[in-house]
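Morning, everyone. Please have a look at the next slide, and then I will walk you through it.

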Amino acid sequence: MPATDIFSTMKRRNDKIAAVTAYDAPTARFAVEAGADILLVGDSVGVNILGYAHEREVTLADMTHHIAAVRRGAPQAYIMGDLPFASYETPSRARESALRLTSAGANCIKFEGAKVDILEALVREQLDVCCHLGLESQHHQIKRRQGKDAIAACQIFDDAVNLDAAGQKFLVLELVPQELAQRITREVSAATIGIGSGAATDGQVLVINDLVGITQRDYKHNRRYGAVGTAMRNAVAAYVKDVRAGAFPSSQQAFSLPPEELQLFERMRP
């Protein structure tokens, strides 16, 4: 069964889809081993991994690099890849950018906004496409909740319906009211993936750095399932302490020449 048919079946059965971001091979391997259904190589790689100040700084080369790494770590995974800012202004540009992401290993192409013409161009290439409404990190300088009044909610709802008619396979709903997310999920045939949009969507996605506790800031939409950041700091601090005290490395972390080779070496280099 094609992957998107599997997710459509999950939607019909109300089997929740678990998606998580991944930016490198080890994380991808861990996420798949833990049972994640979808790996999202998001433009959030910019602020979470690359040290950029904003998602707008992420380039197409950045995205292809990290998608390829995730594919190497999880050869059988279903991978979504974000089209970065300024890489899909026109249908032809979107097509070119999307094909670069699929060549790197993406199964599905995601982009922000109610751009029906972009979606139609990618669908004509027989690509799986995930649209993204609500908070659009690339296009909203300030990250805040969306659809907070009836007029704004209606616009997001109408955009979701129009994108569905144009062939989206998935729809990410970010920071929209849970009632709106529920209505959209009932209305569209695409599998909806929520982040900060309540429990009624067909699935959820979180940023790996947030859920495992690497990110220092607490977000209302996130739940921390680990303290990886604290564990890393403690581990490095213990290592630094041992190095400075001469306690690392010990003989267990070193090896020696065989006695006869050591004697020969000392004769050759007295």
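I will go from the inside to the surface, and then to some backbone details. One thing up front: this is a predicted model.

Let's start inside. The largest nonpolar core has 51 residues. Which of them touch the most other members? They are Leu39, Leu83, Leu101, Ile109, Phe111, Leu122 and Ile184.

Take Ile109 from that list. Leaving aside residues up to four places away in sequence, Ile109 touches Gly81, Leu83, Ala98, Leu101 and Thr102. Ile109 also touches Leu122, Leu127, Asp128, Val129 and Cys130. Apart from the largest core lies another core, of 16 residues. Its members include Met10, Ile17, Cys130 and Val172.

Next, helix H4, residues 60-73. How far apart are its end C-alpha atoms? They are 20 Å apart. That agrees with the expected span, because 14 residues at 1.5 Å a residue should also give 20 Å.

Is H4 largely enclosed or largely open? In H4, 11 of the 14 residues are buried, so the helix is largely enclosed by the rest of the structure. Among the buried ones are Leu60, Met63, Ile67 and Val70. Asp62, His66 and Arg71 of H4 are buried too. What covers them? The cover for the buried residues of H4 includes helices H2 (25-33), H3 (45-48) and H5 (91-104). It also includes strands E2 (38-41) and E3 (79-82).

Now the surface. Val236, Tyr239, Val243 and Phe248 form a nonpolar patch there. Together they have about 360 Å² of accessible area. Phe248 sits in the loop between helix H10 (228-245) and helix H11 (259-268). Phe248 counts as partly exposed, because its relative accessibility is 35%, between the 20% and 50% cut-offs.

Stay in that loop, and turn to the backbone. Most peptide bonds are trans, and most residues other than glycine have a negative phi. The peptide bond from Phe248 to Pro249 is cis, with omega near 0°. Pro249 also lies in the loop between H10 and H11.

Then phi. Ala86 has a positive value, near 70°. Ala86 lies in the loop between E3 and H5. With a relative accessible area of 37%, Ala86 is partly exposed.

Leu175 has a positive phi too, of about 55°. Leu175 lies in the loop between strand E6 (170-174) and helix H8 (178-187). Is Leu175 buried or exposed? Leu175 counts as buried, because its relative accessibility of 16% is under the 20% cut-off.

That's my tour. Thanks for listening.

How values were computed
Residues numbered from 1 in each chain as written. Predicted model: local features only at pLDDT ≥ 70, side-chain atom pairs only at ≥ 80, totals over all residues. Heavy atoms only, no water. Core = buried A, V, L, I, M, F, W, Y, C linked by side-chain atoms within 4.5 Å. Buried < 20%, exposed > 50% of the residue type's maximum accessible area, 1.4 Å probe, protein only. Contact = heavy atoms within 4.5 Å. Helix = DSSP H or I, 4+ residues; strand = E, 2+ residues; numbered from the N terminus. Expected span 1.5 Å × (residues − 1). Patch = residues over 30% accessible without salt bridge, like charges linked within 9 Å, V, L, I, M, F, W, Y side chains within 5 Å. Areas by Shrake-Rupley, 256 points an atom, 1.4 Å probe, with all protein chains shown as cover. Salt bridge = Lys/Arg side-chain N within 4 Å of Asp/Glu carboxyl O.
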